[in-house]
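Student: I would like to learn how to read the local features of a model such as this one, going from strands to helices, loops and cavities. Could we take them one at a time?

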Amino acid sequence: MRELALPLPLYGAVVVWLTWPLAAHLRTHLPDSSFQCQFDLLQMIWALAHQSHALVTAPWRLADANIYYPARHAFFYGDAGFGALPYFMPTFLLTGNPALASNLTFLVSLALTASALHVVVHRWTTSHLAGLVAAWTFLTTRWVLWTWPASALNYAVLQYFPLIMYLAAAPLAGRGRTSVLLLLIVLQGLVTIYVAVPMLAGLGLIGVARMIRSRTRRAGWQLNVAVLLAGGVLLIANAGYFVVRAENPSILTQTAWGVARPNLQVPVGLLGPWAATAVPIAALVLIAVGGLSFVLRPRAERDARLASAWLHCVFWTVAGIVLTLTPVVEWYGSPIVLGSLAVSSWLPMLRRVDRLAVVGLMGLSVLSGLAFAECSRRLHRGRVFAIWASPLLALLVVASLYARYAYAVGSPSSLGFTPLPSSYPLTPAITPSSLIMPILRTPGGPLLELPAMRLSGPALDAPANTRAMYRSIFHWRPLLNGYGGYWPAGFPELMALARELPDAEALAQLRRETRLELLLVHAGDFGRLERDLCARGLGSSASCRPGVGSAERATWLDFAERGGRRDLRPIARDGDDLLFAVSDGSAE
């Protein structure tokens, strides 16, 4: 731990710089580096806040979260992110501020991951500059700060994986080392199934390979025992997902994201901004040169530990790539059919297999550090200015990696990289300051927030539903809204009824099925999704028409000003936010 803490201040400062001005607005803003931040990030913050709240109030009700009411086991329709909880929970319980807890988890976890990469590479090479290159490769991969961990908070918690790679690269000796590895595997696997599956599969293959040779057979058994025990713990922790699967035989169709997996597009699917394996081109060149140099070493000069490190990091890189291959891969638009040869075809429950490539990112990051150390060794041999060779090479590599990261230097336009904005994009976080919040905090029945559906078509408004989930952190009322990888049976039908409001028949049916008590209408948010998509250049011409959502806003404001109805009575207002009490309409 002491060794890990030494580079932490450096990488903490680097992460703060790369995400500035997030550190200046920890309490009030959240990352907005991609459109997914508008819903995936809010869902994960809600999930971590729910776990924190449940564990100190009613742990036995963890599965029965307040969303998707009246569905049971609602918590397990989305990613739980258990592994991020130790970093989120203390801050959240002390301050009650989910934005602060989320931002600290994000920044601290990325700094810890960079530190872990530095320590592991330094242990293998004895070079701090090599450790710096490995950490810098990780941080300058756009996927890390701009695409996925920024929008799915739990994916930022990767700090255990470099240590797992290090321990697994050498045959285990003794129960103590095996126990440490077991603990690290469990902690990393709790982050998400998309890390647990490739990690367990990779470690299992390493263990089996060692069992083939008599000299390493015992070490192979030890590794496989650790993998099996960790897998058992992770199965127990994720048992709720199996319960939900049993309750929903058609759950694979109960999603907003479609049933069919998208085909992997090569090369953009491996080297584009949304790919975990898309390390800067300079890192790939460095790895190729350093790897070739290491292979060409005379046999007597090859260090066994370094050879093992190279072999294992190449293995994790290849594993990350292979696991992302879909049954049909498109090479510049031309289909290549792999069928059942694609490992992803054996994993039907994993909807987005591209996320499995995170283990490839770890492998590539360490490889860049190993390659730097090898190139430095070559430069030191017989050079007059050998003392300056490593620092100058490190400066060149660091500058090259940053040029691709910030300015897309050296990236073909076909890969989709563009220069980054001058500052890290942020969006204001939802706060409990609304005048309506005290009413929501009083004990009572279910709440529905509108809008919940897009203005056209049957699609769910994911950002609106996750905003409702985030607001529920401040009151914890049962909520009809919800968002996750999947939804419970009957949820689209309830949201279709919600779309018809203030229609009296739709309201009566909603009340019969859910005992709805309160309706919170954000009149100004109708059309917000469409406007946001248009501002990001993602909207269609039809949804980008002027005044989108204004008719729905006017309808609800007029309905409230006229006093509503006996079954839908306005009881509070804060600007365009309207709160209605729902009843059967039999009493004044």
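Student: How many residues lie between β3 and β4 in their hairpin, and which residue in the turn has a positive phi?

Tutor: Keep in mind that this is a predicted model. β3 and β4 form a hairpin with two residues between them, and Tyr-332 in the turn has a positive phi of about 50°. The strands themselves, β3 over residues 328-331 and β4 over residues 334-337, pair in the antiparallel sense through four bridges. To fix the register, take Trp-331, which stands opposite Ser-334 in β4.

Student: In which sense do β6 and β7 run, and how many bridges join them?

Tutor: Here the two strands run parallel, and four bridges join β6 to β7. For the register of this pair, Glu-449 stands opposite Leu-520 in β7.

Student: How should I read the two faces of β6, and are they covered or open?

Tutor: The general idea is that in a regular strand the side chains alternate between the two faces of the sheet. In strand β6 (residues 447-450), Leu-447 and Glu-449 are on one side, Leu-448 and Leu-450 are on the other, and all of these are buried, so that both faces are covered.

Student: Besides the turn residue Tyr-332, I would like to look at positive phi elsewhere. Where is Tyr-68 placed, and is Tyr-68 buried or exposed?

Tutor: Tyr-68 has a positive phi of about 55° although it is not a glycine, and its place is in the loop between α3 and α4. With a relative accessible area of 3%, Tyr-68 is buried, because buried means under 20%. Set beside it Arg-515, another residue other than glycine, whose phi is positive and near 60°. Arg-515 belongs to the loop between α21 (504-514) and β7 (518-522), and it counts as exposed because its relative accessible area is 56%, where the cut-off is over 50%.

Student: Which residues does a cis peptide bond join in the model?

Tutor: One such bond joins Tyr-69 and Pro-70, with omega about 10°, and Pro-70 sits in the loop between α3 (40-57) and α4 (85-95). A cis peptide bond also joins Val-266 and Pro-267, where omega is about 15°, and Pro-267 lies in the loop between β2 (264-266) and α13 (268-271).

Student: Now to helix α5. What does Thr-113 touch, leaving aside residues up to four places away in sequence?

Tutor: Thr-113 is placed in helix α5, which covers residues 98-125, and at 0% relative accessibility Thr-113 counts as buried. Beyond residues up to four places away in sequence, Thr-113 touches Phe-138, Ala-156, Leu-158, Gln-159, Pro-162 and Met-362. A polar atom of the Thr-113 side chain also lies 2.9 Å from the backbone oxygen of Ser-109.

Student: Which residues do Asn-103 and Leu-112 touch under that sequence exclusion?

Tutor: Asn-103, found in helix α5, is buried at 0% relative accessibility, and with the exclusion applied it touches Leu-22, His-25, Leu-26, His-29, Leu-30 and Pro-31. Leu-112, also placed in helix α5, is buried with a relative accessible area of 15%, and with residues up to four places away left out it touches Leu-4, Leu-8, Tyr-87 and Gln-159. Leu-112 and Leu-8 are 104 residues apart in sequence, while their C-alpha atoms are 6.4 Å apart in space.

Student: Where does Ser-345 lie, and what does Ser-345 touch?

Tutor: Ser-345 lies in the loop between β4 and α16 (358-380), and at 29% relative accessibility it counts as partly exposed. Not counting residues up to four places away in sequence, Ser-345 touches Arg-261, Pro-327, Gly-339 and Ser-340. A polar atom of the Ser-345 side chain lies 2.6 Å from the backbone oxygen of Ala-342.

Student: How many cavities of 30 Å³ or more does a search of the whole structure find, and which residues line the largest cavity?

Tutor: The search finds four cavities of 30 Å³ or more, and about 50 Å³ of space lies in the largest cavity. The largest cavity is lined by Trp-143, Trp-148, Trp-274, Arg-352, Asp-354 and Arg-355. Read by class, this lining has three nonpolar, no polar and three charged residues.

Terms used. Residues numbered from 1 in each chain as written. Predicted model: local features only at pLDDT ≥ 70, side-chain atom pairs only at ≥ 80, totals over all residues. Heavy atoms only, no water. 1 Å grid on protein atoms, 1.4 Å probe; cavity = no way out; pocket = protein on both sides within 12 Å on 5 of 7 lines; lining within 4 Å. Points joined across faces, edges and corners; volume = space filled by probe spheres on them. Nonpolar A, V, L, I, M, F, W, Y, C, P; charged D, E, K, R; others polar. Pairing = 2+ DSSP bridges. Buried < 20%, exposed > 50% of the residue type's maximum accessible area, 1.4 Å probe, protein only. Polar contact = N/O pair within 3.5 Å; in protein donor to acceptor, adjacent residues only side chain to side chain. Contact = heavy atoms within 4.5 Å.
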